[in-house]
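Here are some worked exercises to try with the viewer open. Have a go at each task before you read its solution.

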Amino acid sequence: MNKSITNFAALIFFSIPFLVNCQHDDHIGYKGEVFWSAKNKHAHLLYNRAVSSQSHITWGTGNHTSSPVPLGAVGPEKYVNQLKGIIDNTEVGKVTQQAIRDGVNVILMIGDGMGFNHMSLPIYMRIAEHNSEKTYFEKIMDVGASGVVLTNTINGVVTCSATAASSISAGYKNWMEIVSVDTNGYPVETSLELAEKLGYVTGLVTDAGITDGTPAAFYAHTYNRNLENEIAEQLIGHNIEVVFGGGVAKFIPKGTKLKDFAYYKNSSYINEMFSEREDEKNLLTGFEANGYKIISNKNDLMNLDSSTDKVLGLFNGGGISAAVDRDTEITGEPSLVDMTTKALELLDRKDKNFFVMIEAGRIDWEAHDNDAGAIYKAVEEMNNMLGVCYDFQKAHPNTLLIFTADHETGGLGIAYTKVSEENLFKKKLSSGDLWHSDTDPLFFEQFKKLKSQKSSIYKIFGEAKSEEQLFEMLNNNSDYKITREDAQIIFDVLHGYKKAK
Ligand SMILES: [Zn+2]
């Protein structure tokens, strides 16, 4: 493995002089086209190369990787003890189901695409800021289990969200794209379904679409995660008390807009969105007939009575806005913390146990876009949600709280860089020795700039109409600055992609 990395590094090294000559910029260069599935990814790569001398951020890919993922758990020891060390992702499903059979509440949080490096961003940030208050990732791992989870499929090294979430929910490993069915195509029982069968109240919370791979693997059964119209219909067949997320476009009839439905009349940010169904079915009426209260914005969520029995809150046609972009005042969307807090309030009932799966799905999306600043904000939000859940767990000890991820996305890394002889770092020590180094470790002052990003790169790339606008938008929204020449190169790639499309 080391050898191939060395070869790869050599390849990059020898490619750079050529690209530098072409582009007259030290910071720009392709890493290897073979890693990028769509042409527009080059623009993200070029942006990252442009800021790499300041941020030291490196990306292996725009796809998922095999990197094992973190797990932390607190709660009754019997279950926590089984989640230590290097474990397979099916163990999470098996242990969760065991806890449910034993009458224990379960809060399962999945950071989609969250590898160790993603999780470490707010940890390094608090160290950079001399903040001794640990993150909830650390607190939970300190007092409970810390696990390293293997995410492979049944026959391959790298997984997708649906397959990994099926392992985590049903304890059953399978091929790519599979949603909680066995290798013969028959349904396997998920943790949520087991909980329902045993009289638990249940909940699903996500900032992605509720029919996306991760949440789907808890209630739907199909050989292909892309059959989201069908997956949406399978949600009605259940009696999940709390359903919060995005993706309502899959629930309204073909050709209609959200504003055609009374529940969405006041949600002006999203109500021009069109249906993504391929038939005339209106699933919202199905939920209403089953006794669900239907809500569409943060106000509705905050005003929900805690005695509400069943609620469907889908706050966007697709995924809920990224943490870095979200402005509740404008969009009316709740944050993951809002949804998590309300979900626990509604699920905590005197006479019943509960199971809830909470997904921080945008970590994966930002990582597919190689947008480290947006990932920082998304992981920070997950940390805040963990705080809400950890406080709940401490007050309700018969609760097993697990956080983990389905896989790593992007091969995110932070690497040191070398400086030239004349720029050596030097310091005269009290001992009389002269310390020196030619290695820039990414000084904390530079790292802290990661926090300053105010908009996702995706959004800026979508909105910039000229090189000048791109230059201004990128530099106004991040403390890692690019040059006009960088902006020109990035814009040309973006523009070329749009034209080709
Ligand atoms: Zn995923």
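**Exercise 1. Place T439 and find what surrounds T439.**

Solution. Start with the secondary structure: in this predicted model, T439 belongs to strand 18, which covers residues 439-440. Next, look for partners from elsewhere in the chain. Leaving aside neighbours within four places in sequence, T439 is in contact with Y416, T417, K418 and F425. Take T417 from that list: T417 and T439 are 22 residues apart along the chain, and their C-alpha atoms are separated by 5.8 Å. Finally, check the side chains. The side chain of T439 makes a polar contact with that of K418, at 2.8 Å.

**Exercise 2. Describe how the chain is divided into domains and what lies between them.**

Solution. Begin with the division itself. Domain 1 is made of 2-56 + 415-500, and domain 2 of 64-409. Their C-alpha centres lie 33 Å apart. To the contact, domain 1 gives 16 residues and domain 2 gives 18 residues.

Now turn to area. About 1,600 Å² is buried between domain 1 and domain 2, with 55% of it coming from carbon and sulfur atoms. On the domain 1 side, the residues that lose the most area to domain 2 are F447, L450 and K451, together 34% of what that side buries.

Then count the polar links. Between the two domains there is one salt bridge, and nine residue pairs are in polar contact. Helix 2 (41-55), helix 17 (444-447) and helix 18 (457-463) each supply at least two residues of the domain 1 side that touches domain 2. Sorted by class, that side has six nonpolar, five polar and five charged residues.

One more pair is worth a look here: the side chains of E129 and K451 meet in a salt bridge, 2.8 Å from N to O.

**Exercise 3. Compare H56 and H130: what is the sign of phi, and is each one buried or exposed?**

Solution. First recall the general rule: most residues other than glycine have a negative phi. Against that background, phi of H56 is positive, near 60°, and phi of H130 is also positive, near 55°.

Then locate each residue. H56 sits in the loop between helix 2 and strand 1 (57-58). H130 is in the loop between helix 5 (116-128) and helix 6 (136-143).

Accessibility settles the last part. H56 has 3% relative accessibility and so counts as buried, whereas H130, with a relative accessible area of 73%, is exposed.

**Exercise 4. Examine T90 and Q98 in helix 4.**

Solution. Helix 4 spans residues 89-101 and includes T90; Q98 is in helix 4 too. With a relative accessible area of 7%, T90 is buried. Q98 is partly exposed, with a value of 25%.

Now list the contacts. Not counting residues up to four places away in sequence, T90 touches S167, G171, Y172 and K173. The T90 side chain also makes a polar contact with the side chain of D88, at 2.5 Å. For Q98, leaving aside neighbours within four places, the contacts are K78, Y79 and Q82.

**Exercise 5. Which parts of the chain do the salt bridges R326–E381, E366–R362 and R484–E468 join?**

Solution. Take R326 and E381 to begin with: their side chains meet at 2.8 Å, N to O. R326 lies in the loop between strand 10 (311-314) and helix 13 (328-331), and E381 in helix 16 (residues 372-395), so this pair ties together parts 55 residues apart in sequence. Both R326 and E381 are buried.

Next comes E366 with R362, whose closest N and O atoms are 3.3 Å apart. Being four residues apart in helix 15 (residues 362-368), E366 and R362 are separated by about one helical turn. E366 is buried at 2% relative accessible area, and R362 is buried at 13%.

Last, R484 forms a salt bridge with E468, the closest N and O atoms being 2.9 Å apart. R484 lies in helix 20 (residues 484-500) and E468 in helix 19 (residues 467-476), so the pair ties together parts 16 residues apart in sequence. E468 is partly exposed, with a relative accessible area of 33%.

Technical notes: Residues are numbered from 1 along each chain as its sequence is written. This is a predicted model: local features need pLDDT of at least 70, side-chain atom pairs count only at pLDDT 80 or more; totals for chains, interfaces and linings use all residues. Side-chain values use heavy atoms; hydrogens and water are left out. Domain bounds come from an automatic or database domain assignment. Contact means heavy atoms within 4.5 Å. Buried area is the accessible area (1.4 Å probe) that two parts lose on being put together, summed over both. A salt bridge is a side-chain nitrogen of Lys or Arg within 4 Å of a carboxyl oxygen of Asp or Glu. A polar contact is a pair of N or O atoms within 3.5 Å; within protein, one must be able to donate a hydrogen and the other to accept it, and residues adjacent in sequence count only if both atoms are side-chain atoms. Ala, Val, Leu, Ile, Met, Phe, Trp, Tyr, Cys and Pro count as nonpolar, Asp, Glu, Lys and Arg as charged, and the others, Gly among them, as polar. Buried means under 20% relative accessible area, exposed over 50%, partly exposed in between (1.4 Å probe, protein chains only).
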